[in-house]
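Let's walk through this one together, starting with the strands and ending at the surface. Have the viewer open and follow along.

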Amino acid sequence: MRWSFEGCYFAVFSPDGRTIATASDTTNDVLLVNAESGELRLRLVGHQQRASSACFVGRDGGKVASGSSDGTCKVWDSTSGELLNTIVVGVTVQSVAWGRE
């Protein structure tokens, strides 16, 4: 599947520039896309409402943090797509950011 920017709600590059984390206004999922080819690498499924933001975690981008209108932040393994943690905030999460490790 090739990804396009149509309906893109946000897009952020991994530290090495090879992967884009993004979501559209038509899905609750965060998509990890090959930045060069546009091919879908992983679909991070778990938010109950639209994903509003994401960021790569760590210098190697080994994790992705995402926020959603469902009032949660989630942390994912960016290689396997495994959900590692869910933080219940209780209100819409507009933006996520992660400090240096």
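Two strands count as paired if DSSP finds at least two bridges between them; strands themselves are DSSP runs of E, at least two residues long, numbered from the N terminus. Keep in mind that this is a predicted model, where local features need pLDDT of at least 70, side-chain atom pairs count only at pLDDT 80 or more, and totals for chains, interfaces and linings use all residues. Residues are numbered from 1 along each chain as its sequence is written, and side-chain values use heavy atoms, with hydrogens and water left out.

Start with strand 6 (residues 63-68) and strand 7 (residues 72-77), an antiparallel pair held over five bridges. Lys63, for instance, has Asp77 in strand 7 as its bridge partner. Strand 7 is also joined to strand 8 by five bridges, again antiparallel, and here Cys73 is matched with Ile87. Five residues sit between the strands in that hairpin, and among them Gly81 takes a positive phi near 85°.

Zoom out and you get an open antiparallel sheet of four strands, ordered 5-6-7-8. Strand 5 (51-57) and strand 8 (83-88) each have a single partner strand, so one side of each is left without a neighbour in the sheet.

Finally, look at Ile87 again: with Val89 and Val91 it forms a nonpolar surface patch of about 250 Å² accessible area together. Patch members have over 30% relative accessible area and no salt bridge (a side-chain nitrogen of Lys or Arg within 4 Å of a carboxyl oxygen of Asp or Glu); nonpolar side chains (Val, Leu, Ile, Met, Phe, Trp, Tyr) are joined within 5 Å, like charges within 9 Å. Areas come from the Shrake-Rupley method with a 1.4 Å probe, and for residues only the protein chains shown count as cover. Val91 lies in the segment after strand 8.
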